[in-house]
Structures are given as structure tokens and as C-alpha cells.
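Please read the following alongside the sequence and the three-dimensional view, going from the overall fold to individual residues and back again.

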Amino acid sequence: MKNKLFVNVTSAKNRPDYAAELESIKEAGICPFCPDNVKKYLSKIIYREGRHWLIADATYPYKNAKYHFILVHHAHIENASDISEEGWSELKEFVDWICGLKQIKGATLIMRFGDTNCTGASVTHLHASLVSGDGDQKDREPVLTRVG
Ligand SMILES: [Zn+2]
């Protein structure tokens, strides 16, 4: 996969620290979420690893999020259509599990796939974000992200 772009720096232009890291990943020509690299780039807590996914704290959580977990598919795929039935089942299991563990009352599950120019994704390797705002905080600011 030489010369393939695994990251889209433009998607993180409003987050300078993250954009800088993506630029260095782009220069290295590697995929940050492939098994040999993922634990370097997901330096925070990894809660659980299964056969198809791992779930961890997002390294660069969205502003104003109380929780931002990232679910990374182990094998390098870039489209939701490439997730197996078993993979979908495990994804649901992980979402249910972390919501129970953290007693999350409500969350948003975002999975961008395919051409990053259409989605706003920063990494092509299939992953999802599970994000929850602090519903108990009065006058809280919203959690906003790019989805297209
Ligand atoms: Zn990958």
C-alpha cells in the first residue's frame, strides 16, 4: 500500500495538535490504526479488545465531550460493507458494554467510512466514535464535529 494515504490532515485542521500528529503520520506513510501501530497512537486507556475491535479513550477527544471512546476495527478495512456479521455483533456488544460500564445515559455513535473527502474522517482505517456530552451540566456547550 505504498503511496497510499491513510490519513486526511484537512479533517483535523481545527485541532492543531492532532493535525500535527497526522502530518507526521502522513510523512511516515503508515496507517496509525493498523495492528502494528495502533497502540502507539492510541496511547490512552484501551478498555477491551475482541476478535474484531478494540475500544479505547480517544487520544484527541472532541471538545465538550464527557466521554469520547474510539472503536477501531483490527483488520485494515475502509468500508462498513466490509464488516462481517460477527464484526457488527461485536461492535454492538462493545457499545452496550462500555455504556453499562460508564453508566452512560445517552451517546452518539459515529462511523465514517470510504472517501475521507466525503466524510470528514481523519483516518481511513475503519473506526467509530462513541461520544457523550455531560447531560447533567447546566448551560453546557454542545459537542460538535465534522461529518461531511
Ligand atoms: Zn490500517
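This is a predicted model, and a reasonable place to begin is with how contacts are distributed along its chain: of the contacts in the protein chain with a separation of 6 or more, 60% are accounted for by residues 24 or more positions apart. The chain has four helices and five strands, which follow one another along the sequence in the pattern α-α-β-β-β-α-β-α-β.

What radius of gyration does the protein chain have, and how does that agree with a compact globule? The value is 15 Å, and because a compact globule with 148 residues would have a radius of gyration near 15 Å, the two agree. Taken along the principal axes, the C-alpha atoms fill a box of roughly 45 × 35 × 25 Å, and buried residues make up 28% of the 148 residues.

The five strands form an open sheet with the order E1-E2-E3-E5-E4 and antiparallel pairing. Strand E1 (46-49) and strand E4 (108-112) are the edge strands, each of which pairs on one side only, and from one strand to the next the twist averages 20 degrees. In general terms, the strands of a sheet pair through backbone hydrogen bonds, in either a parallel or an antiparallel arrangement.

Beginning at the E1 edge, a hairpin of three residues joins E1 to E2, and these two antiparallel strands are joined by three bridges. Within this pairing, glutamate 49 stands opposite leucine 54 in E2. Further into the strand order, strand E3 (residues 65-73) and strand E5 (residues 127-133) pair in the antiparallel sense over seven bridges, where histidine 68 has valine 131 in E5 as its bridge partner.

Against this sheet one can place helix H3 (residues 85-101), which lies across E1, strand E2 (53-57), E3, E4 and E5, and runs at about 30 degrees to E2. H3 also takes part in the largest nonpolar core, to which H1, E2, E3, H3 and E5 each supply at least two residues. In soluble globular proteins, nonpolar side chains tend to be buried together. The core here has 26 residues, of which Trp53, Ile55, Leu71 and Val72 touch the most other members, and E3 gives the most to it, with five residues. Which residues does tryptophan 53 contact, leaving aside its neighbours within four places in sequence? They are Leu71, Val72, His73, His74, Glu90, Leu91 and Phe94.

Turning to helix H1, the 13 residues of this helix reach 18 Å from the first C-alpha to the last, close to the 18 Å expected at 1.5 Å a residue. Just after H1, glycine 29 takes a positive phi of about 70 degrees. Within H1 (residues 16-28) lies leucine 22; is leucine 22 buried or exposed? Leucine 22 is buried, because 24 other C-beta atoms lie within 10 Å, where the cut-off for a buried residue is 20 or more. Apart from neighbours within four places in sequence, leucine 22 is in contact with Val7, Val9, Ala12 and Ser122. By comparison with leucine 54, which stands opposite glutamate 49, leucine 22 is 32 residues away along the chain, and the C-alpha atoms of the two leucines are separated by 21 Å.

Technical notes
Residues are numbered from 1 along each chain as its sequence is written. This is a predicted model: local features need pLDDT of at least 70, side-chain atom pairs count only at pLDDT 80 or more; totals for chains, interfaces and linings use all residues. The radius of gyration is taken over C-alpha atoms; the globule rule is 2.2 Å times the number of residues to the power 0.38. A residue is buried if 20 or more other C-beta atoms lie within 10 Å of its own, exposed if 12 or fewer, and partly exposed in between; C-beta atoms are placed from the backbone. Two residues are in contact if their C-beta atoms, placed from the backbone, lie within 7 Å. The expected span of a helix is 1.5 Å times one less than its number of residues. Two strands pair if DSSP finds at least two bridges between them. Axes are lines fitted to C-alpha atoms, for helices over the stretch in contact, and angles run from 0 to 180 degrees between N-to-C directions. A nonpolar core is a set of buried Ala, Val, Leu, Ile, Met, Phe, Trp, Tyr and Cys residues joined through C-beta atoms within 7 Å.
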